[in-house]
Protein chains: 2
Amino acid sequence: MPESGGPSTRERILACAEDLFGRKGYDAVAVADIAQSCGVSTALIYYHYTDKESLLHALVDRASEVFDVHTRDALAGEGSPRERLERFTRAWVAEGLAHESLVRILVRPLSDPEGPLSAELLARISHTIEGLASVIAEGIEAGEFAPVDPGLAAECLFGLVNTRAAAGALNAPHLGAAVVDVKVNADFIVRLFFSGIAR
Amino acid sequence: MPESGGPSTRERILACAEDLFGRKGYDAVAVADIAQSCGVSTALIYYHYTDKESLLHALVDRASEVFDVHTRDALAGEGSPRERLERFTRAWVAEGLAHESLVRILVRPLSDPEGPLSAELLARISHTIEGLASVIAEGIEAGEFAPVDPGLAAECLFGLVNTRAAAGALNAPHLGAAVVDVKVNADFIVRLFFSGIAR
DNA sequence: AGCAATCCTGACTGAACGTTCAGTCAAGTC
DNA sequence: GACTTGACTGAACGTTCAGTCAGGATTGCT
């Protein structure tokens, strides 16, 4: 058990992989590159991980978890539908801006529809959107929102919160926005979304 | 010059590349796969195109052009700011839903920040968003919209119109939406966006 | 028919990459 | 001191793939 003295070699390998995958992309990174980047042999990586893909898998799992926490909070947490959706929005915008290379690592498998992780990630995304939709539906029933299509609204909210994260992941800090600030971004999205589905 | 008798071999190669790149992804497709898929030799592809990347480049150019046409129309065309933005929105939603594999081909280079096409595509996207921002700014000055940050609003609109396209490109026809219909989608986005920036 | 330009192919190459494996080394156990 | 275990390495193997080359077929022109 690694107790002190910094991160274990296993974790260092994962950190190097995250950095390289995030910068160059999975396919463009050789296992030897990762090895060199953290000063170990290629073989050691295979000692710790079964294959190259399992490295990606570990990263995706870790990255997903970061976002899933906020989703669970929004779906099952306390507060009115509006409060919960707002909490979700602010949390995702903040996380997306804070973890650019994670976002990039998450985006990549999605653009490879036949890849092994694509289905898994898609399932997670669907689950998130369905969760949002059910909160929106709850709000509609309570008379808090106008009677829109909950699924469509959820999808739009999801798209909105990810737009800034995507811009960050693309190394385009200010695609259009004059100021890149978590609060400003989230405020605007909240305003846009809730005025759109207001009664 | 090929005049009749179907598409030229050159174009057939490009079509096969589009299909395969769209389904499996650039890196997962070997030049030999493309050759086999349209019944020619590998060498012929190198006779018509300088290298594998130039195939992707040709596809990206073609795909970008499809969207750029609507952008120019929205920016320089006739009508009030709101009318032009609405035209842009409806056109992009429709194109995105109609050309899924093109969207997927456009997404991939973006997720590879150090790739050669990334910068080019990013420039196109920035240009589109800046164009939207200037139309929004125009609308604000005319008192048509509330005084929001034009760049931020443009980015959000861009994110909204691309959300559905992305969902389609991910082979997830109904991520959250109960009905996948161009008009329903565009109507909702229009509603969301313009009520959000209404005075 | 003869000729030249264009279109196309099979066979091949050099390099890169994922993966494996025999073996080293230090630390701990009996 | 003999033995075991976990961490780690250097060198190599097999495969895949982008790109090349020398030449064959086809087409169009005179």
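Let's start with B:Glu86, which sits in helix α5 (residues 81–98) of chain B. When I say helix, I mean a DSSP run of H or I at least four residues long, and a strand is a run of E of at least two, both numbered from the N terminus. Is B:Glu86 buried, exposed or partly exposed? It counts as partly exposed, because it has 19 C-beta neighbours inside 10 Å. The cut-offs are these: buried takes 20 or more other C-beta atoms within 10 Å of the residue's own, exposed takes 12 or fewer, partly exposed is in between, and the C-beta atoms are placed from the backbone. B:Glu86 and B:Asp187 are 101 residues apart in sequence, yet 9.2 Å apart in space, C-alpha to C-alpha.

Before I go on, a quick word on what you're looking at. This is a predicted model, where local features need pLDDT of at least 70, side-chain atom pairs count only at pLDDT 80 or more, and totals for chains, interfaces and linings use all residues. Residues are numbered from 1 along each chain as its sequence is written, while chains are lettered from A and ligands numbered from 1 in the order in which they are written.

Okay, next residue: B:Val103, over in helix α6 of chain B. This one counts as buried, because it has 25 C-beta neighbours inside 10 Å. B:Val66 is 37 residues away along the chain, and the two C-alpha atoms are separated by 11 Å.

Now the α6 of chain A, residues 100–110. That helix is mostly covered, with 9 of its 11 residues buried. Among them are A:Leu102, A:Val103, A:Ile105 and A:Pro109, and also two arginines, A:Arg104 and A:Arg108.

Stepping back to chain A as a whole: there are 9 helices and 0 strands. Its C-alpha atoms fill a box of roughly 60 × 40 × 35 Å along the principal axes. Of its 199 residues, 44% count as buried. And if you take contacts (C-beta atoms, placed from the backbone, within 7 Å) between residues at least 6 apart in sequence, 66% of them in chain A join residues at least 24 apart.

Back to chain B for helix α1, residues 9–24. How far apart are its end C-alpha atoms? They are 22 Å apart, and that agrees with the 22 Å you'd expect for 16 residues at 1.5 Å a residue; the expected span is 1.5 Å times one less than the number of residues. Its buried residues include B:Ile13, B:Leu14, B:Glu18 and B:Phe21. Those buried residues pack against α2 (31–37), α3 (42–48), α4 (52–76) and α6 (100–110) of chain B. Right after α1(B) comes B:Gly25, with a positive phi, near 100°.

So how do the two chains meet? On the interface, 44 residues of chain B are in contact with 44 residues of chain A. On the chain B side, α1, α6, α7 (116–141), α8 (150–169) and α9 (182–196) each supply at least two residues. The largest share, 9 residues, comes from α8(B). By class, that side has 23 nonpolar, 10 polar and 11 charged residues. For the classes, Ala, Val, Leu, Ile, Met, Phe, Trp, Tyr, Cys and Pro are nonpolar, Asp, Glu, Lys and Arg are charged, and the others, Gly among them, are polar.

Chain B superposes on chain A by a rotation of 180° with 0.0 Å of shift along the axis, RMSD 0.1 Å. That is the relation of a two-fold axis. The fit is by least squares on C-alpha atoms of residues with pLDDT of at least 70 in both copies. The copies meet through the same surface, because 100% of the interface residues of chain B are also interface residues in chain A.

What about the core? The largest nonpolar core has 111 residues, and those with the most contacts inside it are A:Leu157, A:Ile189, B:Leu157 and B:Ile189. Such a core is a set of buried Ala, Val, Leu, Ile, Met, Phe, Trp, Tyr and Cys residues joined through C-beta atoms within 7 Å. Beyond its neighbours within four places in sequence, B:Ile189 is in contact with residues including A:Cys156, B:Thr89 and B:Leu160.

Last stop, the DNA. Of the 15 residues around strand C, the nearest are A:Ala30, A:Ala43, A:Asp51, B:Val40 and B:Ala43, where near means a C-beta atom, placed from the backbone, within 6 Å. α3(B) gives the largest share of that surface, 4 residues. Strand D is also surrounded by 15 residues, with A:Ser41 and B:Asp51 among the closest. There, the largest share, 4 residues, comes from α3(A).

Terms used
Two residues are in contact if their C-beta atoms, placed from the backbone, lie within 7 Å.
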